[in-house]
Amino acid sequence: MATTDRALAFASRWFDEATVRRTFEPLIADWQREWQDASGVRRLWVSLCGLSAFICAVAISSPTIIATPVPRSISWRVAKRIAMFCLIVAGTLSIPILRARDPIEQDAPLWAAMLLMALPVAFTMAFPFAMVMAVDAIRRNAAVPPHVERAAAMKLGVIAVCVMLTAVGFVAPFASQAWRTRSTPAGWNVPQPRLQQLSIVALLGHPERDAAIVPGHYTRAGEIRRELINRSVLSILPAMFVWLRWTALGRPRRRFWPLPAVLMTPIVMVVFLMALYSGFILEHEWALQPGTGLFLPPIVFSLWSLAQQQLARRPWRAPSAPQGA
Amino acid sequence: MSDLPKFSGTERRIVELLMAHEEMFGLQMVEVSGGRLKRGTVYVTLGRMQEKGYLESRQEPLPEGAIGLPRRLYRATGLAMRILAAWKAAEAHYLSGVHPQEA
């Protein structure tokens, strides 16, 4: 029975040996026997009942995935890779920001403050793309059982989304507003925070959020919607990249596949920017609701990951030897 | 009091069933319970009860011509039976205290 075989394979990939033996094997064994004893249409009913019981058992047992201990060496390697990548990319991104304002170079404290406040913004831009290298640190480790690898990747995805949500939702807007306040010359009025400088909570509770949105026109309510969608998309990006790289590494190895993380990361960055730009164009061309175009990058990466997942399932056949060889 | 082993309603129902039927499969318990045990949760509970030492299990030898995984038969341990007896006694005592006129 293909469904039960797949279910058992799924459970073995995600759960430890004891949970599989105690929970999933008895469930699947009873399911198989019930299916064998049934006939005709009843088999379909048995399949549906078995599948729903299996999904339910997976959902109830899923906290054990988060509780699966990940070897310290892997956690350390993941953290090191993310830190190194973010430092390099955020540092590089900060250079033009800092060089763009020549006058402040005369004012050392202001320059230091700007560097401090530019870094969170640069970090939010770099962090999601660090996931590609981070997944390599988890998956390219032969000594770790598959369920531990998956638990590590899942934890990485959850933690990364939380970090990103905090960064784009609170830290980056706060840093941006702090910079605007700090750089206002003495005697001038401190600028009021724009939507980009408001936290997610402030945006959600914005009094103008409930006003009517006119597709194709940028009303205040539409701008708030766009800003909220933008931050939501940025928050889920790390999890999408974890999935993307995970499925890439799941495919059978060939000469040029999977691409090394150093190569795949810039490709992912380019695809992201292209999808973002295309979404923006489509939104304008088709007069869609504000922010709708921002959904294009997650759609593109989901399709990419799904395609890789499908390819990973197909057995790879080596080219056959020529006749008579 | 903190040393008293935890015993949920589902666990109690399972032990009661196993005391009445000696050995059962997971799916059999669901059918016999008349909807009180759910198929999606019973195996997780059975697994946890085994971990706690309330149940022991063995694999059923595969019948002739059967394919797939061998099914697992469960049996309540002495520990589970003692805990059930203790809970029943505690329950009777509690109820007699709460409703003295009914006792």
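**Entry 1: helix H2 of chain A**

I began with the course of H2(A) and found a bend of about 35 degrees at A:Phe24, with a proline, A:Pro26, following within four residues. I record at the outset that this is a predicted model. I then checked the span of helix H2, residues 17–37 of chain A. Its 21 residues should cover 30 Å at 1.5 Å a residue, and I find the end C-alpha atoms 28 Å apart, which agrees.

**Entry 2: helix H8 of chain A**

I repeated the check on helix H8 of chain A, which runs over residues 146–182 and has 37 residues. From its first C-alpha to its last, H8 reaches 50 Å, close to the 54 Å expected at 1.5 Å a residue. I also located a kink of about 40 degrees in H8(A), centred on A:Ala167.

**Entry 3: where chain A meets chain B**

I next turned to the interface. The size of an interface is often given as the accessible area lost when the parts come together. For chain A and chain B, I note about 1,900 Å² buried between them, with 55% of it on carbon and sulfur atoms. Which residues of chain A lose the most area to chain B? I find that they are A:Arg22, A:Asp30 and A:Arg33, together giving 36% of what that side buries. In terms of contacts, 22 residues of chain A touch 23 residues of chain B.

**Entry 4: polar pairs and the make-up of the side**

I counted 8 residue pairs in polar contact across this interface, both residues being at pLDDT 80 or more. On the side of chain A that touches chain B, H2 and helix H3 (41–61) each supply at least two residues. The largest share, 14 residues, comes from H2(A). By class, I sort this side into 11 nonpolar, 5 polar and 6 charged residues.

**Entry 5: salt bridges**

Side chains of opposite charge can pair when their charged atoms come close. I searched the whole structure and obtained 17 salt bridges over all chains; across the interface of chain A and chain B there are 3. In one of these, A:Arg22 pairs with B:Glu51, the closest N and O atoms being 3.4 Å apart. I also find A:Arg33 and B:Glu60 joined by a salt bridge, at 3.3 Å from N to O. A:Arg33 lies in helix H2 of chain A and B:Glu60 in the loop between strands S2 (55–59) and S3 (72–76) of chain B, so this pair joins two chains.

Notes: Residues numbered from 1 in each chain as written. Chains lettered and ligands numbered in written order. Predicted model: local features only at pLDDT ≥ 70, side-chain atom pairs only at ≥ 80, totals over all residues. Heavy atoms only, no water. Expected span 1.5 Å × (residues − 1). Bend = angle between axes of the 7 residues up to and from the residue. Contact = heavy atoms within 4.5 Å. Buried area = accessible area lost by both parts, 1.4 Å probe. Salt bridge = Lys/Arg side-chain N within 4 Å of Asp/Glu carboxyl O. Polar contact = N/O pair within 3.5 Å; in protein donor to acceptor, adjacent residues only side chain to side chain. Nonpolar A, V, L, I, M, F, W, Y, C, P; charged D, E, K, R; others polar.
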